[in-house]
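Here is an informal walk through one model, for anyone who likes to look at contacts with the coordinates open.

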Amino acid sequence: MNLQERDLQHLWHPYTQHQTAAAPLGIVKGKDALLWDENGKEYIDAIASWWVNPYGHSNQRLAQAAYKQLTQLEHVLFGGFTHEPAVALAEKLISILPDNQQKVFFSDNGSTAVEIAIKMALQYFYNQGEKRFTVVAFEGAFHGDTFGAMAASGISFFTEAFQEHLLKVVRIPLPKKGSDESITKLKEVIVTHRPAAFIFEALVQGASGMQIYAPEALDELLKICQAHNVITIADEVMTGFGRTGRTFASYYLNQQPDIICLSKALTGGTIPLAVTTTTQAIFDGFYSSDVNKALFHGHTFTANPTGCAIALEAIRILESEEMQQNLQRIAKRHQAFVKHISQYPNVVNARTLGVILAFDLKTTENTDYYGAFRDQLYNFFIDNGVILRPVGNILYILPPYVITDEQLDRVYEVLEEAVKRFK
Ligand code: PMP
């Protein structure tokens, strides 16, 4: 039996309706922006494997960092203990995050980073005896699949079955050019609900199809939150570590969020690790002679030393001249491609920020998130050796920063083919 057949016997895959889904591709090898399946077919990973892998598959430097740490101290519990990789990574993160960030709380993935951020915000007010139970989020947001993260997410069919069990979230529209609607709605919600927090994907809503909005608009919303003591949470799980062309999307802002969530590219796509970082003021809200005011949250693998050592090396790679040039190179090429592809009448709202590029395909077909049109597109790209996952009729790419010009040209070419074919 091959990998595919063995998989079908026992595996349950994410976001998969197993009755209708095609069997998963068995991948046996990865190098830089390329992956190979068990039949030897080569693919360009145009979405960096769900946005985690900026520095390339099977990266030697990250592998060496892992090996060194695994043979020195692979893991130790983080309750009552600490270690060099966690301390050094926290120091490094604090030095590159917005100035107001002072404390780092470790967990395992984007959802837990968000879950912890929401718990921090709610308990911050609880500890002070202040009644604030609501969270404000954007329509169309995606923050993860745990209960708090689901509650803050707006994509309905992901969370439909759980609506009765989710915490109170009020949604406001994503800022649009020339409209004050999201400001007006936020002001309203602040009066009617006295929210504890406002959570947002910074500048780009990823899972709803790379919807980009302006930093100036977000700054306005943050100012309103600050004026009303609403804790602001920047979910930079997707945007962190260079995706938007700058190290963090928050760099584009004048206002600084109180809490920042990071994961995905943190370890360069190697092993799961996440952080929720906060200001001193939030930390101080838990600092007390009363033990009950502590944040009673922790995961077994909190601050796993191997993950932390890899993350440190990953940040060094990000900061290298070579990687910074890659970011600029890809951003420039994306801008040119956006111009080019926009000439097709069935291409709508072609957009790019940093290494993110997306456009909508005008069609009379059903444009459901996981609909038949999306499946046709997906299969077309797979057949052509390019891995990308359309969101309904939205095509997007978010390649590893190490993608070569030739590989990127091939991705553009296949995208253009799709535009011509799926009219
Ligand atoms: N936040 C954002 C912005 C995300 O894009 C995602 C995942 N796509 C998450 C949180 C959840 O991360 P994870 O899948 O690691 O739980």
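What follows covers a helix pair, some ring contacts and two single residues.

**The helix pair**

Keep in mind that this is a predicted model. Start with helix α4, residues 84–96, and helix α11, residues 305–319: their axes come within 8 Å and cross at roughly 35 degrees. The crossing is left-handed. On the α4 side, the residues that meet α11 are P85, A86, A88, L89, K92, L93 and I96. Their counterparts in α11 are P305, C308, A309, A311, L312, I315 and E319. Sort the contact of α4 with α11 by class and you get 12 nonpolar residues, two charged ones and no polar ones.

Just before α4 sits L73, in the loop between α3 (60–70) and α4. Leaving out residues up to four places away in sequence, L73 touches H83, P305 and T306. P305 also belongs to the α11 side of the helix contact. Is L73 buried or exposed, or somewhere in between? L73 has a relative accessible area of 28%, so it counts as partly exposed. For a sense of span, L73 and F381 are 308 residues apart in sequence, and their C-alpha atoms are 42 Å apart in space.

**Rings and charges**

How many aromatic pairs does the structure hold? The count is 23. One of them joins F248 and Y251 edge-to-face, with 5.8 Å from centre to centre and 75 degrees between the planes. As for exposure, F248 is buried because its relative accessible area is 1%, whereas Y251, with 29%, is partly exposed. Elsewhere, ring pairs link Y15, W50, F142, F157, F158, Y369 and Y370 into a cluster.

Two lysines also have their charged ends over rings, as listed here.

| Charged residue | Ring | Distance from charged end to ring centre |
|---|---|---|
| K29 | W36 | 5.2 Å |
| K103 | F283 | 4.3 Å |

**A residue in β13**

Last stop: T352, which lies in strand β13, residues 347–353. What does T352 touch, once residues up to four places away in sequence are set aside? The list is I212, H334, Q335, V338 and L357. T352 is also 141 residues along the chain from Q211, yet the two C-alpha atoms are separated by 9.6 Å. With a relative accessibility of 23%, T352 counts as partly exposed, because buried would need a value under 20%.

Definitions and conventions
Residues numbered from 1 in each chain as written. Predicted model: local features only at pLDDT ≥ 70, side-chain atom pairs only at ≥ 80, totals over all residues. Heavy atoms only, no water. Axes fitted to C-alpha atoms, helices over the stretch in contact; angles between N-to-C directions. Helix = DSSP H or I, 4+ residues; strand = E, 2+ residues; numbered from the N terminus. Left-handed = near helix turned anticlockwise from the far one by under 90°. Contact = heavy atoms within 4.5 Å. Nonpolar A, V, L, I, M, F, W, Y, C, P; charged D, E, K, R; others polar. Phe/Tyr/Trp six-rings, centres within 6.5 Å; stacked < 30°, edge-to-face > 60°. Buried < 20%, exposed > 50% of the residue type's maximum accessible area, 1.4 Å probe, protein only. Lys NZ or Arg CZ within 6 Å of the ring centre and 35° of its normal.
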